[in-house]
Amino acid sequence: CIMSTSDALTAAVGAFVGFLALDAVNTRSAPQGYPVLCPPLAALAVLLFAAPGAPLVKSFNIVAGHLGACAVAVVLSSAADEGVFNAIPLPGFISTKGLTRALIVGTAIFYMIL
């Protein structure tokens, strides 16, 4: 592990908050509701451009990270479809979809870092 659990959690929470803010903007500016976020590619871009020589940028790690991120997305999206997040009171500018997307991003980044 190249990062402590607390550092990984800080990065995950930061990503969660950032993508939640992006969704709030998207919710207000795109009334059609077309998703414009692609979290795994954003995370990969950070790794490739910020640390091209890092061990995380090796082929196996990229593939394993994407597969894990996809699994996280499927599980959390399925939970959202079942209404698991509907009981959480949200301000009007944050949608349940936005909460789900932000959870997916934060959880996927936490997974990929560990």
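**Briefing: a four-helix chain**

Leu 9, Val 13 and Val 17 make a nonpolar surface patch of about 260 Å². Patches here take residues with over 30% relative accessible area and no salt bridge, joining like charges within 9 Å and nonpolar side chains (Val, Leu, Ile, Met, Phe, Trp, Tyr) within 5 Å. A salt bridge is a side-chain nitrogen of Lys or Arg within 4 Å of a carboxyl oxygen of Asp or Glu, and accessible areas come from the Shrake-Rupley method with a 1.4 Å probe, with only the protein chains shown counting as cover for residues.

This is a predicted model, where local features need pLDDT of at least 70 and side-chain atom pairs count only at pLDDT 80 or more, while totals for chains, interfaces and linings use all residues. Residues are numbered from 1 along each chain as its sequence is written, and side-chain values use heavy atoms, leaving out hydrogens and water.

**Confidence**
- The chain averages a pLDDT (the predictor's confidence in each residue, from 0 to 100) of 78, and 78% of the residues score at least 70.
- Helix α4 (residues 96-113) comes out highest at a mean of 87, and helix α2 (residues 39-50) lowest at 64.

**Overall layout**
- There are four helices and zero strands; both are DSSP runs, numbered from the N terminus (helices H or I, at least four residues; strands E, at least two).
- Of the 114 residues, 28% are buried, where buried is under 20% relative accessible area, exposed is over 50%, and partly exposed is in between (1.4 Å probe, protein chains only).
- About 7000 Å² of the chain is exposed, with carbon and sulfur atoms supplying 72% of it.
- Take the contacts (heavy atoms within 4.5 Å) between residues at least 6 apart in sequence: 69% of them join residues at least 24 apart.

**Helix α1**
- Val 13 of the patch sits in helix α1 (residues 5-29) and is partly exposed, at 45% relative accessible area.
- The buried residues of α1 include Ala 8, Ala 12, Ala 15 and Phe 19.
- The end C-alpha atoms of α1 are 36 Å apart, which agrees with the 36 Å its 25 residues should span; the expected span is 1.5 Å times one less than the number of residues.

**Helix α4**
- α4 has 18 residues and reaches 26 Å from its first C-alpha to its last, close to the 26 Å expected.
- Thr 100 belongs to α4 and is buried, with a relative accessible area of 7%.
- Leaving aside residues up to four places away in sequence, Thr 100 touches Leu 76, Ser 77, Ala 80 and Phe 85.
- Also among the buried residues of α4 are Leu 99, Arg 101, Ile 104 and Val 105.
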